Amino acid sequence: MAGPIKFKDEGKENPLDKWPQLAEVAFDTFSKQTFKEASLSAILRDVKLTKGSFYHAFYDKMDLYLCTVERIGRSKSAFLKSKMMELDPADGFWGQLKAIVTGAMEFSRTEPRYDGFWRNFINENEDVKKAVKTAFPEINADFLGGLVDNAIATSQLSQKYDREFIYSTINLYFNNMDTFIYPDM
C-alpha cells in the first residue's frame, strides 16, 4: 500500500527541492489558505505545470501539502538546532524553554509565510492534521516530555507537582502560543 508521500515511497528526495518555483507557489498558497481552500489547479496554473508532470512526482494535493510541510520542517529544525547549540548547559530547563520559544519566534520572523502556514495548520481539520502526523511520526516524538522529565529529575522543576500536570501546562502553552504571541512582538 502506498503511503501519503510519493518521494518517500520511492526512496527519492522531495520533488519540491528540484522544482523551486512549485515549492514557492505551494508555500505561498498554503500560508494564505487552508488545505481545503487551496486549489491544486490554481497552483499548477501559476507554475505552468501540467497535471501529468505533477502526478508523475506527487500522488495528489495532499502529497504536495506534505512535501511542503517536510521542507518547512527541515528549515525550522535546522534553525532551532543552531539556536540550541548556542545554549549554555547551565541555563537548564528554563533556558532551553526560552531558547525554543525565542527560536520559534525568530524563525517565524525570517519569513512571514512560516507564521501564516502554521497558523493555518492549527486551524486545519483533523484529517489534515492526522495525515501530517502519519507522514511524519517524528513529530509525535515527545521532546518536550523529555525536557520536563529531565528538569524534574534534576530538581529544576518541583517533584511535588504531578509530571502530567507540568507537562500538560507547558504543552498547552506551546500548542496555543500563536494565539497570544505574534512574530512582530
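A residue counts as buried when its relative accessible area is under 20%. Gly103 has a relative accessible area of 1% and is therefore buried. The model is a predicted one. The protein has ten helices and zero strands, and 43% of its 185 residues are buried.

**Overall build**
- Read along the sequence, the pattern is α-α-α-α-α-α-α-α-α-α.
- The C-alpha trace spans about 60 × 40 × 30 Å along its principal axes.
- Of the contacts between residues at least 6 apart in sequence, 69% join residues at least 24 apart.

**Surface and charge**
- The protein has an accessible surface of about 10,900 Å², and carbon and sulfur atoms account for 56% of this area.
- There are 24 positive and 27 negative charges, and the mean positions of the two sets are 4 Å apart.

**Nonpolar cores**
- In soluble globular proteins, nonpolar side chains tend to be buried together.
- The largest nonpolar core here contains 35 residues, and Leu22, Phe30, Phe58, Leu64 and Tyr65 have the most contacts inside it.
- At least two residues of this core come from each of helix H2 (20–32), helix H3 (40–47), helix H4 (51–57), H5, helix H7 (112–122) and helix H8 (126–135).
- H5 is the element that gives the most to this core, namely seven residues.
- Leaving out residues up to four places away in sequence, Leu64 touches Leu16, Leu22, Ala26, Phe30, Leu40, Ile43, Phe54 and Phe58.
- Another core, of 15 residues, lies apart from the largest one; Phe93, Val101, Leu144 and Ile166 are among its members.

**Helix H5 and Ala78**
- Helix H5 covers residues 61–85 and includes Ala78.
- The relative accessibility of Ala78 is 49%, so this residue counts as partly exposed; the class of exposed residues begins over 50%.
- Ala78 and Ala26 are 52 residues apart along the chain, and their C-alpha atoms are separated by 21 Å.

**Helix H6 and Gly103**
- Gly103, the buried residue of the opening lines, belongs to helix H6 (residues 92–110).
- Beyond its neighbours within four places in sequence, Gly103 is in contact with Phe79, Leu80, Lys83 and Lys98.
- The C-alpha atoms of Gly103 and Ser82 are separated by 9.2 Å, with their positions 21 residues apart along the chain counted as sequence separation.

**Helix H8**
- The buried residues in H8 include Val128, Lys129, Ala131, Val132 and Ala135.
- These residues lie on the same side of H8 because they cover an arc of only 155° around the axis.
- Helix H1 (6–9), H5 and H7 are included in what covers the buried residues of H8.
- Glu126, Asp127, Lys130 and Thr134 are exposed and sit on the face of H8 turned away from its buried side.

**Helix H9 and the residue after it**
- In helix H9 (residues 143–153), the buried residues include Leu144, Gly145, Leu147, Val148, Ala151 and Ile152.
- The buried residues of H9 line one face of the helix, because they fall within an arc of 160° when seen down the axis.
- Phe143 and Ala153 are exposed, on the face of H9 turned away from its buried side.
- Ser155, just after H9, takes a positive phi of about 60°.

Note on methods
Residues are numbered from 1 along each chain as its sequence is written. This is a predicted model: local features need pLDDT of at least 70, side-chain atom pairs count only at pLDDT 80 or more; totals for chains, interfaces and linings use all residues. Side-chain values use heavy atoms; hydrogens and water are left out. Helices (H or I, at least four residues) and strands (E, at least two) are DSSP runs, numbered from the N terminus. Buried means under 20% relative accessible area, exposed over 50%, partly exposed in between (1.4 Å probe, protein chains only). Contact means heavy atoms within 4.5 Å. Accessible areas come from the Shrake-Rupley method with a 1.4 Å probe; for residues, only the protein chains shown count as cover. Lys and Arg count as positive and Asp and Glu as negative; His and the chain ends are not counted. The place of a charge is taken as NZ of Lys, CZ of Arg, CG of Asp or CD of Glu. A nonpolar core is a set of buried Ala, Val, Leu, Ile, Met, Phe, Trp, Tyr and Cys residues joined through side-chain atoms within 4.5 Å. The arc is that of the directions from the helix axis to the C-beta atoms.
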